[in-house]
Amino acid sequence: MHKIFIDGSIGTTGLRIFDRLSQENDIELLILPENQRKDLSARLEKVAQADLTFLCLPDEAAKEIVQLAPATARICDTSTAHRTASGWVYGLPELLGRETIANAQRVAVPGCHATGFLTLVAPLVKKGILPVDHPVVCQSLTGYSGGGKAMIADYQSENMPESYRSPRLYGLGLNHKHLPEMQKISGLSQPPLFCPVVDDYYSGMLVSVPLTMSALTKEWQSGEKIADFLHHFYANSPLISVHNYAHSTTDNTLPANALSGKDSLEIFVLGSPSQLLLCARFDNLGKGASGAAIQCMNIMLRRKETLGLVI
């Protein structure tokens, strides 16, 4: 039995991890009584007992417990706190490699927007298809569950403002907290111009990166070639599927909530002979949060990568 502690199990991310792992026969969840849920000493005792701990906490709380945790404790942090920190492995196995994560003591689970952006852009930069100094633009549409309990309560309130019924741009200062990891892990020399949008639906995410074909190195200026490259790049990734170039849906649209409740991710390569549109569609609570955390846990504990996940 693997002993697992979820610090912050009543939050949106922690609750989904708890629900998924409570169904697993080889997982023993270490649970604190309600009156000890915020007791630092009691939490640290569980961290020491666990084979692996999930941190589903605000950034400062995650930093605090990491500083006090035993050096031998294996930790998956779902907060923003350690995604670019020294000594931490970035938990995107499709890009960083499974053995790197399997051997890690500390793994930082990627941000939801960053997951979509990186799965699209990082392979192209790594291969030299997209120059490292290209000014990349990214837009990301997410359901309101990405904002956590407070935003969920706002959207589900009987007194929800009328303005919440339409898509809302946020991060208007262009300094979103996912930008450091988006730049570092992609290998770009500058952060992307990133425009996130939240809308009135519970979960699901659609990240899009438009590119002119001329931005790509000459031998790769073809939508078919890019789709084929990404298909081969993710061929051994059970959670990621890549559609053929110009894959068409029934009504020629891409609804952002199509993978709500799942832990998989789809990549679309769309566009024209002169322009390219790369899209990643997934659940912000799945491959964008809880599902990614469980995937990392599975790899760290050398379980089958997809156990406990919905694909």
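Guide: Welcome! UniProt positions are given here in the numbering used for this chain, with feature names shortened, and such annotations may be inferred rather than shown by experiment. Please keep in mind that this is a predicted model.

Visitor: Thanks! At which residue does UniProt place the feature "active site"?

Guide: The annotation comes from an unreviewed UniProt entry. The residue concerned sits in helix α6, which covers residues 112-127. UniProt puts the "active site" feature at C112.

Visitor: Is C112 buried or exposed?

Guide: The cut-off for buried is under 20% relative accessible area. C112 has a relative accessible area of 12%, so it falls on that side of the cut-off and counts as buried.

Visitor: Which residues is C112 in contact with, leaving aside its neighbours within four places in sequence?

Guide: C112 is in helix α6, and a contact needs heavy atoms within 4.5 Å. With the neighbours within four places set aside, the partners of C112 are H178, M205, F282, N284 and G288.

Visitor: Let's step back to the whole fold. How many helices and strands does the protein chain have, and why is it called as compact as a globular protein of its length?

Guide: The secondary structure comes to ten helices and 13 strands. For 311 residues the globule rule gives 19 Å, and the chain is close to that value, so it is as compact as a globular protein of that length. Its radius of gyration is 19 Å.

Visitor: What share of contacts between residues at least 6 apart in sequence join residues at least 24 apart?

Guide: For some background, the C-alpha trace spans about 60 × 50 × 35 Å along its principal axes, and 55% of the 311 residues count as buried. Among contacts between residues at least 6 apart in sequence, the share that joins residues at least 24 apart is 70%.

Visitor: And the surface: how far apart do the centres of the positive and negative side chains lie?

Guide: The accessible surface comes to about 13,800 Å², with 51% of it belonging to carbon and sulfur atoms. The chain carries 27 positive and 30 negative side chains. The centres of these two sets are separated by 4 Å.

Visitor: Which residues does UniProt list for the domain "Semialdehyde dehydrogenase NAD-binding"?

Guide: This listing also comes from an unreviewed entry. The span is 38% helix and 18% strand, and its end C-alpha atoms lie 17 Å apart. The residues listed by UniProt are 3-104.

Visitor: Which elements do the buried residues of α8 pack against?

Guide: Helix α8 covers residues 179-186, and its buried residues are L179, E181, M182, I185 and S186. Just after α8 comes G187, with a positive phi near 85 degrees. The elements that the buried residues of α8 pack against are β5, α4, α6, β7 and β9.

Visitor: I'd like to look at backbone angles too. What is the phi of A246?

Guide: A246 lies in the loop between β11 and β12. At 40% relative accessibility, A246 counts as partly exposed. Although A246 is not a glycine, its phi is positive, at about 60 degrees.

Visitor: Is N252 buried or exposed?

Guide: N252 is placed in the loop between β11 and β12, and it has a positive phi of about 60 degrees without being a glycine. Exposed means over 50% relative accessible area. N252 reaches 66%, so it counts as exposed.

Visitor: What separates the C-alpha atoms of F268 and L120?

Guide: F268 belongs to strand β12 and, at 1% relative accessibility, counts as buried. Beyond four places in sequence, F268 touches residues including H243, L254 and R281. F268 and L120 are 148 residues apart along the chain, and their C-alpha atoms are separated by 9.2 Å.

Visitor: And how far apart are the C-alpha atoms of L259 and K126?

Guide: L259 is in the loop between β11 and β12 and counts as buried at 8% relative accessibility. K126 is in helix α6 and counts as exposed at 67%. L259 and K126 are 133 residues apart along the chain, and the separation of their C-alpha atoms is 28 Å.

Key:
Residues are numbered from 1 along each chain as its sequence is written. This is a predicted model: local features need pLDDT of at least 70, side-chain atom pairs count only at pLDDT 80 or more; totals for chains, interfaces and linings use all residues. Side-chain values use heavy atoms; hydrogens and water are left out. Helices (H or I, at least four residues) and strands (E, at least two) are DSSP runs, numbered from the N terminus. The radius of gyration is taken over C-alpha atoms; the globule rule is 2.2 Å times the number of residues to the power 0.38. Buried means under 20% relative accessible area, exposed over 50%, partly exposed in between (1.4 Å probe, protein chains only). Accessible areas come from the Shrake-Rupley method with a 1.4 Å probe; for residues, only the protein chains shown count as cover. Lys and Arg count as positive and Asp and Glu as negative; His and the chain ends are not counted. The place of a charge is taken as NZ of Lys, CZ of Arg, CG of Asp or CD of Glu.
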